[in-house]
Amino acid sequence: MSPMAVLALAVLLACTAMAAANFNQELDITWGDGRGKILENGQLLTLTLDRTSGSGFQSRHEYLYGKIDMQLKLVPGNSAGTVTAYYLSSQGPTHDEIDFEFLGNVTGEPYTLHTNVFTQGQGNREMQFRLWYDPTKEFRTYSILWNPKHIIFMVDDMPIRDFRNLEGKGIAFPKNQPMRLYSSLWNADDWATQGGLVKTDWSHAPFSASYRGFRADACVVAAGGRTRCGAAVGTEAAPGTGGGAATAVNWYNQELDLTLQQRMRWVQSNYMIYNYCTDTKRFPQGLPAECSM
C-alpha cells in the first residue's frame, strides 16, 4: 500500500469516527499538581511536563475486553527525553498490561512508537515502529482492541501488531484481570532517546501532549465483578464469559481478515525498527515460544 493510500484511508476513517466520551465523566487526572487539564467542556485533555513534574490520568472504569480509542497529538519540536505513555494495566505483581509509548526525539527526527504486552507480570515483548506521518502536527487515533483471541494495536484503524491468544500452546494471555486505561507524560531521558544518549532540553519546557476523541466500547466491570458489555448493549454477562451481550459487539469476535493482515505486514515491513522475536542476542537461550507460532 502506498503512503497516499494510507493517507486516504486515514482521512476516511477520521470522517466516520463516532461521538467521543466526555473526559469529565470518564477520566480522573491523578497526578501532576495541576499540570493535567480537562478543557472545552470535557472534549479536550492536556498533559504537561516541566522540570518539576509530569502528569497523568486514569479511567474511572475497569475493562475486561474492549476496543479503546484515543486521539493524541504529541509533544512538538524538541521532545527528546520525554515519553507519552498510553496503556491498559491491571494491578499487582502479576499484572497484565498493553502498552503504547511514544518516545520523543530532537527536532526533525522521528518519534519511536514503542509497544509491549505483559502477561502475569512478564513483559519483554517489545516491538517498535517509526510512523508514516508527523504525530505532532495533528490528532491521530490510537486503538487497543482486546478480545478473547487477540490484542491488536492500531493507528487510525490500521493494524500494526497482533498478539494472539496461544494459551493452548502454554503461553499466557490477559483474560482474567480487569484493566484501567492510563496515560502519562514524563521524563525518561535515561533511556527514551537513543538509549539515553540524548537528554531532555529543559529550555523547551513545558512540554505538552493533547487528547481528544476518547471512546471505550468495552466490557465495564461493575460492583460484584459483573460486566456490562458494549456501549449499546446495556446488559450484563458473567466476567470472562462474554455471554449474549458480548457476542453482539463487533470487536468481541473481531479478527484480522486477509486485507487487514496485508496492511499490518506492510506497516511491519516498512516501519518496524525493532522486533523482540528477531533479537537472538537478547534471548541467547532461545526466542520466546510465541515467536515461532
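Two strands are taken to pair if DSSP finds at least two bridges between them. In the present model, which is predicted, this criterion is met by strand 6 (residues 82-89) and strand 13 (180-187), which run antiparallel and are joined by eight bridges. Within this pairing, Ala85 has Ser184 of strand 13 as its bridge partner. Strand 6 also pairs with strand 7 (residues 97-103), again in the antiparallel sense, over seven bridges. Here Leu88 stands opposite Ile98 of strand 7. Seven of the eight residues of strand 6 are buried, and the strand is therefore largely enclosed by the rest of the structure. In a regular strand, side chains alternate between the two faces of the sheet.

Backbone geometry was examined next. Strand 13 is followed by a loop that leads to strand 14 (207-221), and Pro206 is found in this loop. The peptide bond from Ala205 to Pro206 is cis, with omega near 0 degrees.

Positive phi values occur at two residues considered here. Tyr65, which is not a glycine, has a phi of about 85 degrees. This residue is placed in strand 5 (residues 62-73). Because buried means under 20% relative accessible area, Tyr65 counts as buried at 5% relative accessibility. Asp157, likewise a residue other than glycine, has a positive phi near 65 degrees. Asp157 is found in the loop between strand 11 (150-155) and strand 12. Its relative accessibility is 30%, so Asp157 counts as partly exposed, a class that lies between the limits of 20% for buried and 50% for exposed residues.

Strand 12 also contributes to an open space in the model. The second largest pocket has a volume of about 370 Å³. It is lined by 16 residues, and those closest to its centre are Met127, Asp162, Phe163, Arg164 and Glu290. The elements that give two or more residues to this lining are strand 12 (158-164), helix 4 (258-271) and strand 17 (272-275). Strand 12 provides the largest share, with four residues. By residue class, the lining of the second largest pocket comprises nine nonpolar, five charged and two polar residues.

Methods: Residues numbered from 1 in each chain as written. Predicted model: local features only at pLDDT ≥ 70, side-chain atom pairs only at ≥ 80, totals over all residues. Heavy atoms only, no water. 1 Å grid on protein atoms, 1.4 Å probe; cavity = no way out; pocket = protein on both sides within 12 Å on 5 of 7 lines; lining within 4 Å. Points joined across faces, edges and corners; volume = space filled by probe spheres on them. Nonpolar A, V, L, I, M, F, W, Y, C, P; charged D, E, K, R; others polar. Buried < 20%, exposed > 50% of the residue type's maximum accessible area, 1.4 Å probe, protein only.
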